[in-house]
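Visitor: I'd like a close look at one part of this model, the aromatic rings and what sits around them. Could you walk me through it?

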Amino acid sequence: MVILTDNKTMKKIIKNCAIIFALVSLTSCQPAENDVIGGTINSNDFTHMTSMEWIAQEEVTANVAAIFEMAVEKGYIKQEELDAPNTTILCPTQYAINRFVRRHNSVNHQKEWKKFYPEATEWTIDMMTEEELQMMKMYIFPDAVIDRAALEGDDDGVELQSLPFWRTVNKPNPAYNPDDKDSKEPQYLYTPEYAEYEAAMAVYNEVKGRFDLWAAYDDAVELWNEWNTMTEEEKKDYLLQNDNIKPTEPKTPKTKDENGNEVEVVRPTQTEEQIEELRPATKPEQMYQTMVVEERQTVRLTLDPTNINGNAAYEGAGIPGVGYQYSNFLLSTPEIIHALFKRGNNWEVTPEERGKLQYEGNECDQYYCMYISDVQTSTGVVHAIYVSDITYNERLHSHTLLFYGSRADDAKL
């Protein structure tokens, strides 16, 4: 059966159907209270684990946590320093570890570690030195929780100082002032070759010292005997030629034994030529005098806009009108936390200042954006540092693990 209706009635029916359909659709789109995709609701973005636990469970930082754990096991870092409350951790990532290992295995650096691990075919993380493990403290900033909120409205950023760590400075004949409590006494880096050289030098110095003492004594005896045979005129002439210094009767060389008793120095049986043969060859190349100093890493954290244009999709390479465009996409420019590591005596805040020093120079500050920012943990905040902000895909500067080496060191074995 066909029911005929006029146009007015038909329009009314269509309008009512549209309203009903819209109401049904709206109701069906309302999520239930328990409809949560991907985990649980966490209103304050807080993770119920320590900073080290969080670093260990993230794939991109898990191996960094293993390095921290190795430093704790060997006594170079205390566990309580890692887990202290109100601590900010700037954590390198796996990308930095990959580069750190690659640079150790480079042509420029393989000779260094092969002296100590000649049987190894390549350098691995478990071969990190005491100094390198101690320097992991440069990423631990106690007594300050610096997150995104702490940086908002602070255009100049916030400066932090890390836990103190020991570092050797390879400088020949470093200045040492025993009256200055902050002046560290010069020390030597020990290598197997140096230990052998030092033992040989100890024998040479001991025998040579005894020989010199007795040689001087014999010369003094000869002069004393000659003086006693001189006439008065000869003695006057001698005194005029020697600034009126009269020879004194020589005494047998003496020293003290382990009990403090004075004993005669044993006269060496070797000739001067034989003693000189005891002197070891020239010093090994890898033996050098160093200073061991206590340092803190200074870093400046800032909250900055990214270099992504607010009107472009990421698929559009940051260019408006290119790539996939969505309505209201990125109406505001996203912000990101940056870390500027101070490498010398002065800050190099701008790219121009850093460029003048060459980006990987020893004195050049290192500027990084974060892989992950302001992760709230039960012990503080974690920032996972990632890559230089010269360009956002610039991984040539992912050497944030102890800032080891340079791009020139990236040659493979």
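Which residues form one aromatic cluster with Phe-100?

Guide: Keep in mind that this is a predicted model. Phe-100 forms one aromatic cluster with Trp-123 and Tyr-404. Across the structure there are eight aromatic pairs. Take Phe-100 and Tyr-404: their ring centres are 5.3 Å apart and the planes meet at 70°, which is over 60, so you'd call the pair edge-to-face. Phe-100 belongs to helix α5 (residues 94-104), while Tyr-404 sits in the segment after β12 (380-388), so the pair links parts 304 residues apart in sequence. As for exposure, both Phe-100 and Tyr-404 are buried.

Now slide over to Phe-403, whose ring pairs with that of Tyr-368: here the centres are 6.3 Å apart and the planes lie at 40°, so this pair is tilted. Tyr-368 comes from strand β11 (residues 366-376) and Phe-403 from the segment after β12, so this pair ties together parts 35 residues apart in sequence. Tyr-368 and Phe-403 are both buried, too.

Back to the helix that carries Phe-100. The buried residues of α5 are Gln-94, Ala-96, Ile-97, Arg-99, Phe-100, Arg-103 and His-104. In an α-helix there are 3.6 residues a turn, so residues three or four places apart point the same way. The buried residues of α5 pack against three helices: α3 (62-73), α6 (110-114) and α7 (130-134).

One more ring to look at: Trp-347 has Arg-300 lying over its face, at 4.3 Å from the ring centre.

How values were computed:
Residues numbered from 1 in each chain as written. Predicted model: local features only at pLDDT ≥ 70, side-chain atom pairs only at ≥ 80, totals over all residues. Heavy atoms only, no water. Phe/Tyr/Trp six-rings, centres within 6.5 Å; stacked < 30°, edge-to-face > 60°. Helix = DSSP H or I, 4+ residues; strand = E, 2+ residues; numbered from the N terminus. Buried < 20%, exposed > 50% of the residue type's maximum accessible area, 1.4 Å probe, protein only. Lys NZ or Arg CZ within 6 Å of the ring centre and 35° of its normal. Contact = heavy atoms within 4.5 Å.
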